[in-house]
Amino acid sequence: MEFYLDVDGVILDFEAAFVDFVRDEYLPDLPLGFILQSWELANDFNTLDIDEVWHNFMDSDQFTRLNLLVDTDSFNQLSEQHPVYLITNLAKPQYESRRKNLERYQLQYKELFLAGHHNFNDDSYPTKSTVISKLHRKGERMVFLDDHPRNCQEVKSAFGNSEVFLMSRPHNKGLEDSMWTRVDDWKDFLDKAM
Ligand SMILES: [Mg+2]
């Protein structure tokens with residue numbers, strides 16, 4: 001068995017930190033319980049220059065301190081038993097911040113890669129299946145977890161035998177497809193994947 005895991009919305013809570021950053025820096029009246037409803041940040045914050053906010057957040061200390069959505073013990077246990085690869089959809093300049101954020105929680109994994117459906121206007125930016133194709137060992141069960149339906153579809157299309165899981169998040173609520181199995185949280189994923 002080999003595991004290919006997304007990071008934002010699966011292992012680290014990008015959305016909550018981003019909302020807190022927007023409240024601290026731009027919209028002090030944003031309610032404390034505000035939840036992003038869309039993957040496109042501009043849809044939730046249409047009064048802001050979202051590109052500017054995005055870049056400021058990426059450069060901020062908060063971005064290296066996103067909260068954990070998994071429990072370290074079960075995560076590291078999985079890593080001891082199987083190869084676990086992390087594939088995060090960030091641009092190159094954010095690689096080091098992301099690595100540090102994961103290190104902060106002492107998460108064990110084989111390697112961290114940048115890939116995904118959002119290519120940051122870089123035509124050479126890889127899809128998740130491109131990265132997986134270089135790592136996959138023939139005959140091994142391939143388990144993929146992501147909170148973005150497009151990545152799930154992309155991987156399932158490339159690898160028909162893969163076991164693809166969609167992590168439930170507010171932005172993917174109600175989207176169902178035979179390509180993936182929906183999971184509620186990390187524990188639910190372990191229960192269903194193992
Ligand atoms: Mg994600």
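The domain assignment splits the chain into domain 1 (2-13 + 66-193) and domain 2 (15-65), with bounds that come from an automatic or database domain assignment. This is a predicted model, where local features need pLDDT of at least 70, side-chain atom pairs count only at pLDDT 80 or more, and totals for chains, interfaces and linings use all residues. Residues are numbered from 1 along each chain as its sequence is written.

**Between the domains**
- The C-alpha centres of domain 1 and domain 2 are 23 Å apart.
- Contact (C-beta atoms, placed from the backbone, within 7 Å) links 11 residues of domain 1 with 12 residues of domain 2.
- On the side of domain 1 that touches domain 2 there are two nonpolar, seven polar and two charged residues; Ala, Val, Leu, Ile, Met, Phe, Trp, Tyr, Cys and Pro count as nonpolar, Asp, Glu, Lys and Arg as charged, and the others, Gly among them, as polar.

**Helices α6 and α7**
- The axes of α6 (residues 128-135) and α7 (residues 149-158) come within 9 Å and cross at roughly 45°.
- That makes α6 oblique to α7 (neither under 35 degrees, nor over 145, nor 65 to 115).
- K128, S129 and I132 of α6 meet N151, E154, V155 and A158 of α7.
- By class, the residues of this contact are three nonpolar, two polar and two charged.

**Around R182**
- R182 sits in strand β6 (residues 181-183), and strands are DSSP runs of E with at least two residues.
- With 16 other C-beta atoms within 10 Å, R182 is partly exposed (buried means 20 or more, exposed 12 or fewer).
- Leaving aside neighbours within four places in sequence, R182 is in contact with L166 and S168.

Terms used
Axes are lines fitted to C-alpha atoms, for helices over the stretch in contact, and angles run from 0 to 180 degrees between N-to-C directions. Helices (H or I, at least four residues) and strands (E, at least two) are DSSP runs, numbered from the N terminus. Two residues are in contact if their C-beta atoms, placed from the backbone, lie within 7 Å.
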